[in-house]
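Here is a set of questions about how the labels for this structure were reached. Each answer sets a value against its cut-off.

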Amino acid sequence: MEKIMILLWLSAMCIAVEGNAYAEPKNLYTACLKCHQSEQVPSSLVYRRYLMRYSTPERIKKAMFSYLKAPEKADSIMPSQFFLKFPMKKKMQMNDMLLKKYIREYIEQFDVKKRLVLP
Amino acid sequence: MQSERRSLLRFLLIYMGSTFLLFSMASWLFYTSTRHHLLDKQREVLKYESQKIESALRELHQSNSAILHYPVSKIGNSAIYDLDKHYIFGTFAHPPQLGARQKHTLSLISKIEPYYLGAAYLLLSKPIDYTPLLALQRNILFFMLLAGGFFAVLGYFLGKLFIAPMRESIKQMNHFIQDTTHELNTPISTILTNIEMIETFGECEQNKDELKRIEIASRTLSRIYDDLTYLNLNHQYHRRIIRLDMAQLIEERMVYFAVMAEVKHLRIKTDVKSGVILEMDRNDAIRLIDNLISNAIKYNKPEGELYVRLTEEYFMVKDGGFGIKKEDLKIIMHRFKRANTSEGGFGIGLDIVNQVVNSYSFVLQITSQLHQGTEVKIQWKK
């Protein structure tokens, strides 16, 4: 009986820890990353393309926000061939505050600065 | 001899000065251009290294690795900056502001486009390698010293070469004066002795005035002879310093010049203190007194005043003659310089006075007012 109780408690703890660990990304994930994943467009690649064009986080934030609010082919960082395979993204209906929050989280998650080290 | 050395020194100074200036300018131009060239060579290395880092950044941008190893340069420090010139990453201990100048460091800022890893600028710095610059400075200094030595020797010989004709002329003139004075001595002595004999025996009473003129002319000649001999033998002449009664000597010389003064009808005033004893050579004293008194007679106005004074402190001769211009007062003591050419002479009188004054460390003072007269004072003690 004791053994069954310990096993049940351990299972409950594992579920709780797992739930906490993915709480924040889960929102970003469901709001943005999930779609990218299903379409097989790696978010890290998208971020690098943003980085390559806009250089600073501030400029990226502005560019992403305006694009998500009113997606246009001309404003996209993806090459024109990309749209032959993928449809044009729909306008984001999310509230601005939340959208800005997710953009910030997105940049933080994929930021290369944290990953740079001296050999 | 002294003026010759002075001329040579002046020539050398001007020659060496201008040569040094010219070489300095040439060396400076050469140094500047070579320095630029050497620094450009070091910049080229930076540029090449910068391209290597840029290429490594591109590879890193495409990497999916969780850890990105920043490309480290072997020659110096590097850093990447975003479009707003904010520091992203680098190898500097204290990341510098982009564009800030660093001492003794060679920096290169390259623009990166597209912005791999968000980097818009790449800064690459390395310490300046001063070794070739120091070697260049050493070479230039060595060359300057070598050239300076060569041109100094060349200048010395050139100067000697230029002065040679002048020296030859002076030598010839000295020989001429020496020979002339030697040849003049005997006839002058003969004339003076014979005049004295005629005066003593009084055989020529009706030609007394003519005889006086001959005597004056002969004495003038005799004095010129003495002056020239003094100048010629000045350096070889052995002085016999004795205790000299200056009052007695001045009285003697006044008698000697009495005939000359009489012809000009000068009013002679003397204030000679007896018992003034100086330790000096008799010939030096005679040259000093004679030249001052003869000048005072020569440049006096007819019926002018001649005032001679001797005290324990000084000897003074004052005339009421033409006077000397203010600007001429500074050069009047130089040999062959004459303030007034209306009377005969060589311009050696005051030069002799000056030489005697310097030899005994006396002090010579000349004050003069144009058309009023001149006062020459020699102070025995400073």
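## Labels and their grounds

Q: Is Arg253(B) counted as buried or exposed, and on what value?
A: Arg253(B) has 13% relative accessibility and therefore counts as buried, the cut-off being under 20%. The model is a predicted one, and the value is computed from it.

Q: What makes Arg253(B) and Asp290(B) a salt bridge?
A: Their closest N and O atoms are 2.7 Å apart. A salt bridge needs a side-chain nitrogen of Lys or Arg within 4 Å of a carboxyl oxygen of Asp or Glu, so the pair qualifies. Arg253(B) lies in helix 4 (residues 246–263) of chain B and Asp290(B) in helix 5 (residues 282–298) of chain B, so the bridge ties together parts that are 37 residues apart in sequence. Asp290(B), at 1% relative accessibility, counts as buried. Salt bridges with shared partners join Arg253(B), Arg287(B) and Asp290(B) into one network.

Q: How many salt bridges does this rule give over all chains?
A: The count comes to 15.

Q: Why is Glu58(A) called partly exposed?
A: Its relative accessibility is 48%. Exposed would require over 50% and buried under 20%, so a value in between is called partly exposed. Lys61(A), at 26%, counts as partly exposed by the same rule. Glu58(A) and Lys61(A) form a salt bridge, with the closest N and O atoms 3.2 Å apart. Both lie in helix 4 (residues 57–69) of chain A, three residues apart, or about one turn of the helix.

Q: What separates Glu105(A) and Lys101(A) along helix 6 of chain A?
A: The two are four residues apart in helix 6 (residues 96–110) of chain A, and therefore about one helical turn lies between them. They form a salt bridge, the closest N and O atoms being 3.1 Å apart. Glu105(A) counts as buried because its relative accessibility is 18%, and the limit is under 20%. Lys101(A), with a relative accessible area of 27%, is partly exposed.

Q: Which side chain of opposite charge is nearest to Asp82(B), and how far away is it?
A: The nearest is Lys113(A), 6.3 Å away. The cut-off for a salt bridge is within 4 Å, so this pair does not count as one. Asp82(B) is buried yet has no salt bridge. Its place is in the loop between strand 2 (77–81) and strand 3 (87–90) of chain B.

Q: What does the side chain of Asp82(B) reach?
A: The side chain of Asp82(B) reaches the backbone nitrogen of Asp84(B) at 2.9 Å. Leaving aside neighbours within four places in sequence, Asp82(B) is in contact with residues including Ser55(A) and Thr56(A) from chain A, and Ile88(B) and Tyr121(B) from chain B.

Q: Why is Ser76(A) called buried?
A: Its relative accessibility is 5%, and buried means under 20%. Ser76(A) lies in the loop between helix 4 and helix 5 (82–85) of chain A. Not counting residues up to four places away in sequence, Ser76(A) touches Arg53(A), Tyr67(A) and Phe83(A). Buried residues make up 31% of the 119 residues in chain A, a chain with six helices and one strand.

Q: Why are strand 7 and strand 11 of chain B said to stand at the edges?
A: Five strands of chain B form an open sheet of mixed pairing, in the order 7-9-10-12-11. Strand 7 (267–272) and strand 11 (363–369) each have a single partner strand, so one side of each is left without a neighbour in the sheet. Neighbouring strands are turned by 10° against each other on average, direction ignored. Helix 6 (residues 349–359) of chain B packs on the sheet, touching strand 11 and strand 12 of chain B.

Q: What makes strand 9 and strand 10 of chain B a pair?
A: Five bridges join them, running antiparallel. At least two bridges are needed for strands to pair, so the two strands meet the rule. A hairpin joins the two through three residues, and Arg309(B) stands opposite Met316(B) in strand 10.

Q: In which sense do strand 7 and strand 9 of chain B pair?
A: They pair in the parallel sense, over six bridges. The bridge partner of Val272(B) in strand 9 is Leu310(B).

Q: Which side chains of strand 9 of chain B point to the buried face?
A: Leu306(B), Val308(B) and Leu310(B) point to one face and are buried. Glu305(B), Tyr307(B) and Arg309(B) point to the other face and are not buried.

Notes
Residues numbered from 1 in each chain as written. Chains lettered and ligands numbered in written order. Predicted model: local features only at pLDDT ≥ 70, side-chain atom pairs only at ≥ 80, totals over all residues. Heavy atoms only, no water. Buried < 20%, exposed > 50% of the residue type's maximum accessible area, 1.4 Å probe, protein only. Lys, Arg positive; Asp, Glu negative; His and termini not counted. Polar contact = N/O pair within 3.5 Å; in protein donor to acceptor, adjacent residues only side chain to side chain. Contact = heavy atoms within 4.5 Å. Axes fitted to C-alpha atoms, helices over the stretch in contact; angles between N-to-C directions.
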